[in-house]
Amino acid sequence: MKALATAATDVVKTKAFVKITAIALLSLTVFFIVNYFYSNSYIPLPFFSSSSSFAFSPSSNSTSPATATSPPPRPPPPPPPPEVQRMGIVDENGAMSEDFEVGEFDPTFLEDLSNLSARGERVANGGGRDRIKVEKYKLCELSMTDYIPCLDNMEEIKRLNSTEKGEKYERHCPGEGRSLNCLVPRPHGYKLRIPWPKSRDEVWFSNVPHTRLVEDKGGQNWIAIKKDKFNFPGGGTQFIHGADKYLNQISEMVPDIDFGHKTRVALDVGCGVASFGAFLMQWNVTTLSIAPKDVHENQIQFALERGVPAMVAVFATRRLMYPSQAFDLIHCSRCRINWTRDDGILLLEVNRLLRAGGYFVWAAQPVYKHEESLQEQWKEMEDLTTRICWELVKKEGYIAIWRKPLNNSCYLNRDTGVKPPLCDSNDDPDNVWYEDLRACISRLPENGYGANVTAWPARLQYPPDRLQTVKIDASISRKEIFKAESKYWEDIIDGYIRAYHWKELSFRNVMDMRAGFGGFAAALQDLQYDCWVMNVVPVSGFNTLPVIYDRGLIGVTHDWCEPFDTYPRTYDLLHAAGLFSVEQKRCNISTIMLEMDRMLRPGGRVYIRDSVTLMGELQEIANALGWVPALHDTGEGPYASWKILMCDKRL
């Protein structure tokens, strides 16, 4: 026994026994420590997965086998996620940012589009909303070739109590159930337009086959027929020797007009075939040419066929659809308007439209002829312009030029009882949709908003002061929103131009149907795309039109539940971003798209960026119109909530 005890003692004293004992004690200690902390904190151990064979009880320190199998081996860790590319305009702190990406574009689109059948069978549904089968629209009667729904509504015009002030030339839209439900036909022999700038001087006779203006105005160098084309020599009633010489004379009379810098946006009233505006383009001035659909009813149609900004509009009993202080210069050359009638109510509308410090150019017989009746008209005009505080800057030959004051001080310092009075302080001069004319002087903002725009081209991207007057929720971040919108559209338009070969398509007359702050048009200008854009601000949204004009762009207020005041076949590109999502609550979508077809030239394009839930219905309507539609992802990818519907109206 003693020997056995001695042997056991020797074993305990060996180094191996000591090591084994130490390891066992250490392991036992670690086990109890870990088990203690788990029972108090309920944190699962990393080596047990959610599908482990053992289940821990939060109310016990013990474990119980769930199955007899051993736990599976731990899977390898996942690879690190790729770096996220931020697509929005809000940074990680919630502030607006200009540093964002729009995404890539699919350059195969044109090939896909050309391979589609007329019914677009290969286009995907777009998801979300059931597609509604729409019967193919029929052609309207041939007599409706030049139909403008709200200006050719003879039933309503016949019901007017009076037409002596031009009421019959104003909007009288068809009532419910009588809207356009067919495709306006094109004239016989219609051809794809002549591209700009060649179209400034000639257009196809077959596209606007009307000779009345040639018969009435051919001797004044307006327009002539040469073989199968109309030619435009560049003359006008008061400048038969050409618009170039006429513009040089105006510029020399008042150098401060400074075309292309101080004067960027002009309005030509009673424009004829718009040669004044056509030639001002080379001075870097955008001129909106307007005239009624009267005895010379196709003058605006000629202007738009030439590729010159134009719209059917009339000085009659309602405000024009443009904001206050919109135009740097307003021009009237023999425009056949009696500016002094009804206490000068029509000239007061010009005053509302004219920017503070802007110029009114009047070329007319009363300026230079000495007949008694004409001299009486001149005295009336002098008296009226003095009472509304316009300064006669220069009178030379047959041209007189006035300047509007920069502020209200002259108005307030007039003698008591002098008419016309200042408008009430609660009158909104930018409220124009179906608003009657006011026989009062529109007040200028006391803070100078509208008068202090920067010179062109800086004003295109500089946030104007009138941005603060837009009734949107954002109060502090308006400038950031303005800049972000510009950046957003510049990235998109740059992609369109490169991927979809817009340079080759040569769009000239472009309409942005929901313009916002005008970022779409500004991007085209910045990227030097040779076109002009009609920026439409729907009445259903915020009135951003003053901002658009302060940028040096043009636009108009409109309600897309009603037709637009333009001739058929006058726009090459119609762009609608988010329009249908908003207007579907108020308007019939098919009615809007029928109106788009009426305005769109054969060979033109439609780009609709909108909710994926609407795309099925929009595609069906596009097919029914005879367009060729193709549905594409936005730059945000295939799972984004918006998609792009691109449609081609073929000749």
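Tutor: Two residues are in contact when heavy atoms of theirs lie within 4.5 Å, and a helix (H or I, at least four residues) or strand (E, at least two) is a DSSP run numbered from the N terminus. This is a predicted model, in which local features need pLDDT of at least 70 and side-chain atom pairs count only at pLDDT 80 or more, while totals for chains, interfaces and linings use all residues. Residues are numbered from 1 along each chain as its sequence is written, and side-chain values use heavy atoms, with hydrogens and water left out. The protein has 19 helices and 19 strands.

Student: Why is helix H18 called largely enclosed?

Tutor: A residue is buried when its relative accessible area is under 20%, exposed when over 50%, and partly exposed in between (1.4 Å probe, protein chains only). In helix H18 (residues 589–599), 10 of the 11 residues meet the buried condition, so the rest of the structure largely encloses this helix. Among those buried residues are Ile-589, Leu-594 and Met-599. Their packing partners are strand S13 (509–512), strand S16 (571–577), helix H17 (579–583), strand S17 (600–611) and helix H19 (615–624).

Student: What makes H19 mostly covered?

Tutor: In H19, 10 of its 10 residues are buried, including Met-615, Gly-616 and Ala-624. The buried residues of H19 pack against H17, H18, S17, strand S18 (628–633) and strand S19 (642–648). Just after H19, Gly-626 has a positive phi of about 90°.

Student: How do you know that Leu-183 is buried?

Tutor: Its relative accessible area is 11%, and therefore Leu-183 counts as buried. Leu-183 sits in the loop between helix H4 (154–158) and strand S3 (202–204). Beyond its neighbours within four places in sequence, Leu-183 is in contact with Tyr-137, Lys-138, Leu-139, Cys-140, Leu-594, Asp-597 and Leu-625. Two of these partners, Leu-594 and Asp-597, are among the buried residues of H18.

Student: Why is Asn-351 called buried?

Tutor: Its relative accessibility is 0%, so Asn-351 counts as buried. This residue belongs to helix H9, and, with residues up to four places away in sequence not counted, Asn-351 touches Trp-390, Lys-404, Tyr-411, Ile-441 and Ser-442.

Student: What does helix H9 lie across?

Tutor: Helix H9 (residues 341–353) lies across strand S6 (265–269), S9 and S10, and runs at about 135° to S10. Such angles run from 0 to 180 degrees between N-to-C directions, with axes fitted to C-alpha atoms, for helices over the stretch in contact.

Student: What makes S8 and S11 the edge strands of the sheet?

Tutor: Two strands pair if DSSP finds at least two bridges between them. The open sheet of 7 strands has the order S8-S7-S6-S9-S10-S12-S11, with mixed pairing, and strand S8 (310–312) and strand S11 (391–396) are its edges, each pairing on one side only. From one strand to the next, the twist averages 20°.

Student: How do you know that S9 and S10 pair, and in which sense?

Tutor: Strand S9 (residues 327–333) and strand S10 (residues 354–363) are joined over 6 bridges, in the parallel sense, and the pairing condition of at least two is therefore met. Ser-333 stands opposite Ala-363 in S10. Helix H6 (residues 243–253) also packs on the sheet, where it touches S9, S10, S11 and strand S12 (399–403), and its direction makes about 45° with that of S12.

Student: What makes one space a pocket and another a cavity?

Tutor: On a 1 Å grid over the protein atoms alone, a cavity is a set of points where a 1.4 Å probe fits but cannot get out, whereas a pocket is an open set with protein on both sides within 12 Å along at least five of seven lines; lining residues have an atom within 4 Å of a point. The largest pocket holds about 920 Å³ of space, a volume being the space filled by probe spheres set on grid points joined across faces, edges and corners. Of its 48 lining residues, Arg-334, Cys-335, Arg-336, Ile-337 and Asn-338 are the closest to its centre.

Student: How many cavities are there, and what volume has the largest?

Tutor: There are 4 cavities of 30 Å³ or more, and the largest has a volume of about 200 Å³. Its lining consists of 14 residues, with Arg-171, Ala-313, Val-314, Met-321 and Asp-565 nearest its centre.
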